[in-house]
Structure formats: structure tokens, C-alpha cells
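Please go through this structure with me and show how each label follows from the values behind it.

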Amino acid sequence: VYQDIGDRTQAAKMFQNSVDSYRQKPGDPSAKLATSLGRLGWCQSYGDQVAKGKANAQFGLEMARRVADRKSLADCLYYRARSSKYFDMATLEQVPYLQEALEINSQLEDRRLESARCLKLLSGCIMLKQDFAEAESLNRRALDIFRSTHGISNPEVASAMFLQGQILIYRGKLRDAERTLRECVELWSRIYGEKQHRIPKRFLAVSLALQDKWDEADEVLRGRPGNGDSLQIRHHHFYKTLVMLLISLDRPDEVPPILLEVREKLARVESNYGPDDNRSLSLLADLATMYAKVGLADEAIELRKKLRERYEAFLDSDHEMNTERLNDLAWDLVVDRNPKLYDPEFAIELSEYIVTAAPNEGKYWNTLGIAQYRAGKYSQAIRSLEKASSFSEQGHRFDGLFLAMAYWQSSQEDKAR
């Protein structure tokens with residue numbers, strides 16, 4: 001229950017209690033212990049114990065393989081897959097675990113629901129291969145099972161419906177996507193409340209905009225009928241999602257008017273709140289990212305230059321900046337493939353400010369360490385990445401990858417290995 005409502009700290013405590021209880025029981029509770037370890041690992045992988053969660057899930061899986069309990073093995077394969085996600089997003093690492101779990105579930109009775117969960121997760125993985133037809137088929141099977149098992153008003157139905165809407169957009173089935181997402185938004189609102197369905201509403205609005213139904217899209221974003229100001233209600237996340245999907249759907253000619261509209265919105269936000277307000281800076285950063293993503297490097301450079309000038313003026317002042325957005329910008333500066341947009345030195349400046357403002361966030365130290373590595377400052381990168389690793393009990397793979405490379409560049413080959 002704690003897991004379902006999002007309180008993963010309490011959920012982890014409950015799962016840990018379960019593990020401890022099974023370990024103390026006489027006899028051989030290996031199957032139940034293995035499943036509890038899998039659940040504990042899944043839960044831990046959502047927070048700052050990613051490596052520990054993955055290790056527990058793997059330990060549970062290995063234990064399940066040693067005992068003759070097919071149900072426990074299928075469950076542990078699923079939990080092992082869940083512990084391999086990247087910030088709650090699908091990864092290809094999950095695929096073999098899910099495929100094996102599905103094979104086992106197909107041989108057991110009363111495992112339709114467990115199979116549906118594997119199908120939905122596998123569908124998200126297949127999307128990474130851009131095989132959207134297969135992803136649609138897999139998730140539709142999962143959705144049908146969820147509906148027949150749970151009825152309509154259920155979180156698993158809502159989640160699968162949302163994923164189906166996204167897949168249909170990527171397939172260019174915009175009318176089907178609109179219909180699915182309308183149903184999803186209504187269901188999401190009924191289950192979670194009005195304030196918790198912003199993301200499904202955004203994708204519904206995007207599906208409408210892609211069909212040139214701008215008035216309807218604005219109505220969805222506004223939440224009620226009316227003639228409100230479209231620039232005011234169209235959030236920058238809506239624009240970013242729309243631009244990325246236009247590129248994915250091979251409709252690049254429709255992108256420039258969207259970018260001009262975002263520029264107009266930026267001018268209005270700067271006029272209303274001032275160019276140094278965090279709302280203005282966030283929108284400026286997003287617009288620069290949009291230009292970069294569509295290959296308009298000169299425009300992106302122009303906007304990032306403005307952003308740099310404003311941020312540099314704040315680095316030695318008392319101006320409170322949004323560290324999350326600053327970190328996004330610093331990350332873009334060290335991973336952009338276009339050499340005109342690649343600037344690890346400025347990323348270091350930003351990241352040093354960020355870790356001073358928020359010294360207990362491992363991901364910010366990670367960005368700083370990677371920027372230092374990219375700039376050839378290997379000893380500094382080692383210190384930053386070791387600091388980043390200290391915030392999770394066994395470190396994080398993204399810290400370890402660059403830490404290994406920094407050790408190697410510093411002639412510490414044994415540590416690198």
C-alpha cells in the first residue's frame with residue numbers, strides 16, 4: 001500500500017521487516033524471502049539507494065533460481081527488471097528479465113495480472129527501439145487484462161492507458177491517441193484528483209495541437225472553456241513535448257512557428273516578471289534547448305549567451321536561482337554533440353554554484369564531476385565523483401563510469417579497473 005501511494009520510505013521499511021522476519025523463521029522460507037528481497041530492491045531503486053536496490057533484487061533473483069518455485073522466480077525476474085530502470089524510465093537492460101518472466105507466467109495458472117505488468121513494462125522498453133507497432137500490441141494486451149481484472153477505475157488501467165496514448169502519438173495515430181488520452185485524463189482525475197493529471201493533460205493537448213486543433217488544446221490546458229490568453233496557458237513543457245514529437249513524426253517544417261511563439265511568450269514573461277526572474281530564466285533555458293534539439297545551433301548559442309550573462313551576474317550575488325534548472329543547463333553543456341554548444345568550462349562554473357547551494361544532492365556533484373572530466377581536470381573530477389557516490393550506499397553507475405575514466409586518465413589503472 002505504501003508503495004502504491006508513493007511513500008517509498010515507509011514501503012522500504014515494511015519490505016525490510018518482511019525480509020528480516022523470513023530470515024528468522026525456522027524451516028526454509030527461501031521462496032518468500034527471495035520475493036521479499038525483490039520487492040525491497042524494487043522499492044529502494046526509486047530513491048538514493050539505487051545500487052543497493054539493484055543488488056537486493058539480484059540477490060532475490062539468484063535465491064529464487066535455487067529453489068523450485070516458479071512463481072517466486074517469475075516475481076523476482078519482474079522486480080529485478082524494475083530495479084534496472086533509469087529514473088523510473090524503461091531501459092533495454094530490463095528486456096531479458098521481462099521476457100523470461102512472461103515465459104514462466106504463461107506456464108502457470110492465475111498469472112494473467114502478473115503477465116500484464118510485465119507486458120506493460122516491456123512495451124516501454126520496446127519503445128526505446130522505436131518499434132512502436134510492437135509496443136502498441138504489447139501494451140494493448142496489458143491494458144485489456146488490467147481492465148478485465150480491475151474494472152475501469154484503477155491506477156494500473158490509468159497508467160497503461162497513458163502509455164498507450166503516448167505510443168499512438170509516436171505511431172501517428174493522432175485521433176486514436178486523442179480518444180485514449182481523453183479517457184485517460186478523465187480516469188486519472190477520478191483516481192488521483194484534479195491537480196494530479198497535468199502530464200496526461202499535456203500529452204492530450206499535444207495530440208490535439210498535432211491535429212491543428214489549437215483551440216481544443218488550449219481548452220484542455222486551461223481546464224475550462226473560454227477565450228483565455230493562449231500564450232499564458234501554454235506551459236513551456238507543452239512546447240518542449242510538442243517540438244520533440246514534431247521531430248519524431250518527421251514534421252520539421254512545423255517547428256519554426258512554434259519556436260517563434262515561444263520567443264513571443266518569453267518576451268511577455270520577461271516584461272511581466274523581469275529578465276532575471278526564475279520563470280524567465282527557465283523559459284530562456286528551455287527555448288535554447290529546443291533550438292539545440294532541432295539543429296539550430298546559432299539560435300541556441302545566442303540564447304545560451306544571454307543565459308550565461310545573466311547567470312554569471314548572479315554567481316557572486318545573493319540572487320536565489322533554481323538549482324534544478326541550472327543543473328539541466330550544465331548537463332546540456334557537457335553532453336551536446338554540437339561543438340558550438342559544448343562548453344564544459346561554463347558547466348563547471350554553474351555546477352560549482354549549484355553544489356554550494358545544494359551540497360547534499362549527489363546528482364549535482366555528478367554533473368560537476370563529469371564537467372571537470374570533460375575539461376581535462378581529472379583530479380578534481382575524481383573528488384567530485386567520489387562525493388557524488390557517497391550519497392548512495394554503493395554508489396551509482398553514472399558516477400562509477402566517469403570515475404573509472406578519471407582514474408585511468410590519472411594513471412590509476414588498478415582503481416579504474
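Q: How many salt bridges does this predicted model have, and what makes a contact count as one?
A: The count comes to 28 salt bridges, because a pair qualifies when a side-chain nitrogen of Lys or Arg lies within 4 Å of a carboxyl oxygen of Asp or Glu.

Q: Why are arginine 147 and glutamate 183 called a salt bridge, and what does the pair tie together?
A: The N to O distance between their side chains is 3.3 Å, which is within the 4 Å cut-off, so the pair qualifies. Arginine 147 belongs to helix α7 and glutamate 183 to helix α9, so the contact ties together parts that are 36 residues apart in sequence.

Q: Are arginine 147 and glutamate 183 buried, partly exposed or exposed?
A: Buried requires under 20% relative accessible area and exposed requires over 50%; arginine 147, at 29%, therefore counts as partly exposed, and glutamate 183, at 35%, is likewise partly exposed.

Q: What makes arginine 310 and glutamate 270 a salt bridge, and are these residues buried or exposed?
A: Their closest N and O atoms are 2.8 Å apart, which satisfies the 4 Å limit. The pair links helix α16, where arginine 310 sits, with helix α14, which holds glutamate 270, 40 residues apart, and both residues are buried.

Q: Which parts of the chain does the salt bridge between aspartate 343 and arginine 308 tie together?
A: The side chains of aspartate 343 and arginine 308 meet at 2.6 Å, N to O. Aspartate 343 lies in the loop between α17 and α18, and arginine 308 in helix α16, so the pair ties together parts that are 35 residues apart in sequence.

Q: How do you know that cysteine 76 is in no disulfide?
A: A disulfide needs two cysteine sulfur atoms within 2.5 Å, and a search of the whole structure finds 0 disulfides. For cysteine 76, the nearest cysteine sulfur, that of cysteine 118, is 12 Å away, so the criterion is not met. Cysteine 76 is also buried, with a relative accessible area of 0%.

Q: Why is helix α19 described as largely enclosed?
A: Of its 13 residues, 11 are buried, so α19 is largely enclosed by the rest of the structure; among the buried residues are Trp365, Leu368 and Ile370.

Q: What is the expected span of α19, and what are its end C-alpha atoms found to be apart?
A: At 1.5 Å a residue, the 13 residues of α19 should span 18 Å, and the end C-alpha atoms are 18 Å apart, which agrees.

Key: Residues numbered from 1 in each chain as written. Predicted model: local features only at pLDDT ≥ 70, side-chain atom pairs only at ≥ 80, totals over all residues. Heavy atoms only, no water. Helix = DSSP H or I, 4+ residues; strand = E, 2+ residues; numbered from the N terminus. Expected span 1.5 Å × (residues − 1). Buried < 20%, exposed > 50% of the residue type's maximum accessible area, 1.4 Å probe, protein only.
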